[in-house]
Amino acid sequence: MPQELNYWLTTVKIPTPPQQPLPEKADVAIIGAGFTGLSAALSLAKRGDKVVVLESETIGWGASSRNGGMVLTGLKLGVNKLISMYGRELARRMYAASLESIDAVERMVKEENIVCDFARTGHLEVACKQAHFDDYARQVEVIAREFNHRLRVVSRDQLRGEVGSDIYYGGMVDEISAGLNPARYVAGLGAAAMRAGAQVCERTRLLNIQRQACDGAPGFKLNSSRGAIWARNVLVGTSGYTGAGTPELRKKIIPIGSFVITTQVLADALARELSPRNRQIYDSKNYLYYYRLTPDNRMLFGGRAAFFPETDQTIRKSAEILRRGMIEVFPQLLHTKVEYVWGGTLDFCFDIMPHAGQLDGIYFAVGYAGHGVAMATYQGQKMAEWIAEGKTNNPFTEIRFPGAPWGLYNGKRWFLPFAGAYYKVLDWVS
Ligand SMILES: Cc1cc2nc3c(=O)[nH]c(=O)nc-3n(C[C@H](O)[C@H](O)[C@H](O)COP(=O)(O)OP(=O)(O)OC[C@H]3O[C@@H](n4cnc5c(N)ncnc54)[C@H](O)[C@@H]3O)c2cc1C
C-alpha cells in the first residue's frame, strides 16, 4: 500500500502565518486560503485594502495543494453546449476569459517569483471511443471559427508521438496549456499575499455571516471559531469545501472526490516513452482519468475513483482502482511502485460551469469542475477588481446560477452515489 500522503507537499514548505489575534475590522474578509482566496487577497492588499483571510485549516489545505497541477484552457462544458446555452457573444467572452486565465497564472508566477515549475507543455485529450475522436474534428473547427483558438487533432497512428499507450482512438492537442507544482504555487501565492499586507488567519473556521452596519457603514459580522470580525465586504472562495457557514452557496455546489497516485521516479527513457512531449493528459470519459509526469519524472495518475470526498477508506480504495487504471493505459508500469496516494474535493455546479457573483450581498467565486488552477487564480483577481472598483466585466457573473432541480439538494451528500452511477452509465452509452 502506498503512503497516504500528498506527494506535492513533500516538495515544499507551506508558509505559516504569524499567530495574531483576529482583528476587529477589515475592508474585505475572504473565506478560504486556496487559489481563489489568496489571489483575491493579493490583489486587494496591493490596492491598499485591509484584507483578512479566514482559513479553517492551513494555507492551501484544500484542493489547491492536492490537484494535478494542470493549467488548462477551456471550460469543462463542451463548446457547442456553451454556445447553445449562452449564445455566441457571451460564450466567446467566457472562452476568452478561460484562455486569459492561463496568462494570469503565468504573470502571477513571474511577478511574484513563485518557483513552481510552471511550463507551457500543452495538454492532450485522448479519445476512449471512435465517436469521441470523430467529435474532435468538429470541436477544433468550432473553436477556431468561434473563438479564434487553434487546436490540433492527432490521429491514432500518430498518437505514439504524444503518449506511450495504444488504447486510444486519437487525440486533440492544445499547445497553450501548462503544468505546474500546485503546492509550490499555492505556497507562493500565500507568501505573496502576506508580503502585500494581507493577514491570513489559519485554523479559523467561519461559522456564519450576518448583515450588520458598523459606525453607519453597511457590512457584515462574521462569527468564526476564533471570535467575530466585521468587514465591509466578504468574498467566499471555499470551492468543494463550502460548508454550513454559507448555507445558500452550499446548496448550489456538489462536492465530488478526486484521487491521485504517483509512482516512484521513472527512468528517463521510460518517462519519455510514456509522455514524449510532457503533456498534461486526460481522457474523453465523464468518469475520466488524468495524468502527467511530475517535474522529477513520476507518473501522476488521477481520477474520480470514488465519488465521495476523501476519507481514509475512499483513498485506500482509490489507490487500487487508479493503479489498475494506470496499468490499463500504460502496461509498461506493471512493475512500477506506487509511492503516494491522496484525495481532494472538487466543486461542481449543476450546470458544470464556473460561477461568480453575489448572494445576499456576499461575493463568491466557485464551480471550477476540475479546471480551477487557472480559473480560480483569474476569478480571485476579477473578484478583487469588482470589490475595489464597484464594477466588473467578468462574464461568469452574467450567467444564471442554477440550484438543484426541484430544490432537491440541501448540501448534504446523499445523492452522490446516484450521480456517480449516472456518469458511469453515460460512459457506457455515449
Ligand atoms: C485531486 C484533485 C485534482 C485536481 N486537478 C486539477 C487540475 O489538474 N487542474 C485544474 O485546473 N484543477 C484541478 N483540480 C481543481 C482545483 O484544484 C480547484 O478547482 C482549485 O484548487 C479551487 O481553489 P479554491 O481556492 O477555490 O478552493 P480550495 O483550494 O479548495 O480552498 C478552499 C479553502 O476553503 C477553506 N474553507 C472551507 N470552509 C471554510 C470555512 N467555513 N471557514 C474558513 N475556511 C473554509 C478550506 O479549508 C480550503 O482550504 C483538482 C482538484 C482535486 C481535488
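**Ligand contacts and cysteines**

Tutor: In this predicted model, a backbone N or O atom of Ser56 lies 3.0 Å from a nitrogen atom of the ligand.

Student: What makes that Ser56 pair a polar contact?

Tutor: The cut-off for a pair of N or O atoms is within 3.5 Å. Ser56 puts a backbone N or O atom 3.0 Å from a ligand nitrogen, so the pair counts.

Student: And what makes Ala63 and Leu206 count?

Tutor: Run the check again with 3.5 Å as the limit. For Ala63, a backbone N or O atom sits 3.0 Å from an oxygen atom of the ligand. For Leu206, the distance from a backbone N or O atom to a ligand nitrogen is 2.9 Å. Both values are within the cut-off, so both are polar contacts.

Student: How much of the ligand's accessible area does the protein cover?

Tutor: The ligand has 1000 Å² on its own, and the protein covers 98% of that. Among the elements giving two or more residues to the shell are α1 (35-46) and α9 (372-389). The shell residues split into 13 nonpolar, 19 polar and four charged.

Student: Switching to cysteines, how do you know that Cys214 is in no disulfide?

Tutor: A disulfide needs two cysteine sulfur atoms within 2.5 Å. The nearest cysteine sulfur to Cys214 is that of Cys201, 17 Å away, so Cys214 is in no disulfide.

Student: Why are Cys214 and Cys349 called buried?

Tutor: Buried means under 20% relative accessible area. Cys214 is at 18% and Cys349 is at 2%, so both count as buried.

Conventions: Residues numbered from 1 in each chain as written. Predicted model: local features only at pLDDT ≥ 70, side-chain atom pairs only at ≥ 80, totals over all residues. Heavy atoms only, no water. Polar contact = N/O pair within 3.5 Å; in protein donor to acceptor, adjacent residues only side chain to side chain. Areas by Shrake-Rupley, 256 points an atom, 1.4 Å probe, with all protein chains shown as cover. Helix = DSSP H or I, 4+ residues; strand = E, 2+ residues; numbered from the N terminus. Nonpolar A, V, L, I, M, F, W, Y, C, P; charged D, E, K, R; others polar. Buried < 20%, exposed > 50% of the residue type's maximum accessible area, 1.4 Å probe, protein only.
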